[in-house]
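Let's take a walk through this assembly together. Have the sequence and the 3D view at hand, and follow along from one region to the next.

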Amino acid sequence: MNASTEVYRLIAFLVGLIAFAALNAAYLVWLERKVCGHIQRRIGPKEVGPYGLLQPIADGIKLMTKQVMLPPQVDPVLFRIAPALVLIPAVMSFVVIPFSENLVAREINVGLLMVFAFASVNVLGLLVGGWGSANKYAVISAARCVSQNVAYEIPMLITVITMVMITGTMNLNEIVMQQPDITRWYVFRFTASPLAPVAFIIFFICSLAETNRAPFDLGEAESELIAGFHTEYSGMGFGLFFMGEYANIVIGTSLATILFLGGWQSPVPFIPGGWWWFLAKVYFLIFCVMWIRWTYPRTTLWGLLNLSWKILIPISLLNLLLTGGMLKLMPLAGGAG
Amino acid sequence: MIMGAYFKDLFGGFWSLIVGLAITIKYFFQPVVTLQYPHESLKMTPRFRGHIDLVADPGTGEPLCIVCGMCQRSCPSGCISLKGEKPEGAKKKVLTAYTLDFTRCSLCGLCVESCNFGAIDFSKEYNLAGPSREAYVFDLLKRLKDRRSNADADA
Amino acid sequence: MSELALSPNQETFVLNLGPQHPATHGVLRVKLVMDGEYIVSAEPVLGYIHRMHEKMGENRTWAQFMPNTGRLDYLGALSYNHGYVKAVERAAGIEVPERAEYIRVITVELNRIASHLLWFGAFVLDLGGFTPLLYAFDDREMILDLLESVTGARLTFCYFRFGGVYNDIDDDFVTGTREFIKRLRKRLPDYHNLVTKNIIMIKRLKDVGVISAEMCRKYGATGPVARGSGIDYDVRRSEPYSVYPEFDFDIPVYHEGDSMARYMVRMDEIEQSMRIVEQALDRLPDGPVKAEKVPKIIKPAPGDYYSVVEAARGTFGVRLVSDGTNTPYRLKLRSPTFSNLSLFGEAARGMLLADALALMGSLDLVIPEIDR
């Protein structure tokens, strides 16, 4: 591969990923409204286009044409920078996600590490946005978001360390390669880690909490804090927060798919693996995220921290110990490790 | 013992969450119950209390109202005003104007109840919308005439 | 940011909850002094939707005040109709036929179920669960359809009249109500499985927002709020009126005093109301639905009259002073949520914001009824 094709490839991937993130945000909103509609025995959007499919376009145009209000007390720099701080890390994380064997913008050996590094920047955006808004509700929300993210990164990373111990690599594509059929998906690999399904659930719960999704949407608890950190945002400022949120959901579910559900590998022998399997798994998990959102009430901050410190962290530590023991006893059982 | 309570709480709680998910997914696959309003609409029940309308004598087509003013007096919000005159040689008063200020009406139905002649009744209209307050000061006499001419046109 | 810290040695700030806030369900404003997420003091500020209903009563005839009573608590309008007609009937000495009393009880209890269902949905919405609201509305819609078919309105019914009711119920209503009760009996387990037994819900409500029986007495709290604190007081039982003594029903009382207890009282009351409606439908007598000798213009003898009913939110009292003319001399309404709200300031002290909003939701506030 010479230098110029490498540049074109990078540009193509960048454009593609940004388009993917934006389209995902738009159509996940549509999906969310449809899912919540049917759970509540309504139809959801249906007027704009067939099945309301043009609704996200209409909403997007509306958001883009709206004036971005700058309330008088806000910190103008922080207020403007915050939405970008939320969106950019999310889009950056897509760079290392393998959609299929070859469809990955940049294969990095420490891909997993990079995703988590960027995921931690996301919360900075929420903090800056909440603080810069000079709104009491937004400040409370920003504080909540930070403590929530700090609390949940611990069990999440312990679980991920466990996975890295099993896989022996941080290269996401290699992790996928190690799970060629459904019995060797890490969610069912009991020989490597007896608590593998529990680890998957912990990872899933933590990614819900990391992306501020219900039942952990304390940051934008509308019955308490109006709209939380984006109370003062209008137009595309709000739109970027929204895109960032949905992009983060896609990242979280993608990681769950890659680490536990075999990524782009096919679970059945007669259909070959590829990006379609990856997307199918990701969208199924996203459906679960929405399903959960429209089922449960919101937790409180204490409930959330209790869940993290008293339940998730002990269990994930136990999982770590058990996995370490298993790997020591049966070194060949655990994938490539 | 404490550990037992901890795990009981953990599994019980987890099970309650699963049960919740089962209920919502059950409803997810059930048909929708909402009415797609602008495309379909409900028929009002016979007793629906909309704004009031004058009732015409089925024979002559003239309003049954004899301008006694009971409805006007019974109205709590004072939204009814009517006028009548006695033409030369006639026995009864004839209604010349009947206005309902619907912006103030509370749809209590006291006027219809107070009328001894069955001269006013509830309309079944419910999807009223308009650009100005003035659009809701109804001239009921005119509405009655419109209704009659529409019925004539249909016939 | 100087606005956030009130004084240098006390790190508190004032948070204005409302008058436009998603959790206050109307135009209630609560002035909160916060220390981080903890509430140092809470002060409800009323009056944003004050419409002078009591004064309006003094300028209208006895009958003309009827539509106003449905506009106090628009979610349980029939109880308020009942309270007022009962007071005037007592003042003017009007006897109500038995069938009319049965119809009153049936419609009031249906209205109570509708009100509790809406509260259930709105309360879970306050706690961040969206879906139960729509399920509750689905059931509530059935009640509203039934009530619309007899009363002609869906919310501000204005259905009762001095000496009876506006018009009779028909067989469709009776069968429809029986079907509805059957349907709701099937749906209630779903509600309990989805919401009541949910671990998140239990963690948020259990032992949160405890109101002692002492505090209820101090502020005059009634209804499910008092019954959730162990006070066995229900006007339907303690001062029986209408035909309630003829029915067999329980008054749910919980002693914990927390938000969960208030929640459970209301959910149990839905079941008890269904029992009352079923019994009333079974024993529905024939006869007129309006007393025969009701004067067109009512002029009660001069005096002071009081009547109470159990509305969905507590004790609703009407005090009438008549000077013998065709308008009341004084009309005083004792509305339950005003008293229930007044304990919020004391109960919310030291609570987390999220828990305080759960407490506020469990009080079941209807703002127009507080402001009157």
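The tour below goes from the contacts between chains to a sheet and then to a nonpolar core. Please keep in mind that this is a predicted model.

A good place to begin is the meeting of chains A and C. Here 24 residues of chain A are in contact with 28 residues of chain C. On the chain A side, at least two residues each come from helix 1 (3–39), helix 5 (136–167), helix 8 (222–225) and helix 11 (301–329). Helix 8 of chain A gives the most to this side, with three residues. If you colour the chain A side by residue class, you will find 12 nonpolar, six polar and six charged residues.

Chain C also touches chain B. That contact takes 19 residues from chain B and 20 residues from chain C. On the side of chain B that touches chain C, helix 1 (residues 2–28) of chain B gives the most, with seven residues. By class, this side of chain B has 10 nonpolar, seven polar and two charged residues.

Let's stay with chain B and look at how the chain is divided. Its domain assignment gives domain 1 (1–33) and domain 2 (52–154). Taken over C-alpha atoms, the centres of domain 1 and domain 2 of chain B are 59 Å apart.

Now find the sheet in chain B. Three strands form an open sheet in the order 2-3-5, with antiparallel pairing. Why is one side of strand 2 (80–85) and of strand 5 (137–139) of chain B left without a neighbour in the sheet? Both strands stand at the edges and have a single partner strand each, so one side of each stays unpaired in the sheet. From one strand to the next, the twist averages 15°. Strand 3 (residues 94–101) and strand 5 of chain B run antiparallel and are joined by three bridges. To see the pairing at residue level, pick L100(B), whose bridge partner in strand 5 of chain B is F138(B). Helix 4 (residues 140–154) of chain B lies across strand 3 and strand 5 of chain B, and runs at about 50° to strand 5 of chain B.

Our last stop is the largest nonpolar core, which has 234 residues. Which of them touch the most other members? They are F203(A), A247(A), L259(A) and F260(A). The largest share of this core, 17 residues, comes from helix 4 (residues 98–126) of chain C. To finish, centre the view on F260(A): leaving aside neighbours within four places in sequence, F260(A) is in contact with W185(A), Y186(A), V187(A), F200(A) and F203(A).

Technical notes: Residues are numbered from 1 along each chain as its sequence is written. Chains are lettered from A and ligands numbered from 1 in the order in which they are written. This is a predicted model: local features need pLDDT of at least 70, side-chain atom pairs count only at pLDDT 80 or more; totals for chains, interfaces and linings use all residues. Two residues are in contact if their C-beta atoms, placed from the backbone, lie within 7 Å. Helices (H or I, at least four residues) and strands (E, at least two) are DSSP runs, numbered from the N terminus. Ala, Val, Leu, Ile, Met, Phe, Trp, Tyr, Cys and Pro count as nonpolar, Asp, Glu, Lys and Arg as charged, and the others, Gly among them, as polar. Domain bounds come from an automatic or database domain assignment. Two strands pair if DSSP finds at least two bridges between them. Axes are lines fitted to C-alpha atoms, for helices over the stretch in contact, and angles run from 0 to 180 degrees between N-to-C directions. A nonpolar core is a set of buried Ala, Val, Leu, Ile, Met, Phe, Trp, Tyr and Cys residues joined through C-beta atoms within 7 Å. A residue is buried if 20 or more other C-beta atoms lie within 10 Å of its own, exposed if 12 or fewer, and partly exposed in between; C-beta atoms are placed from the backbone.
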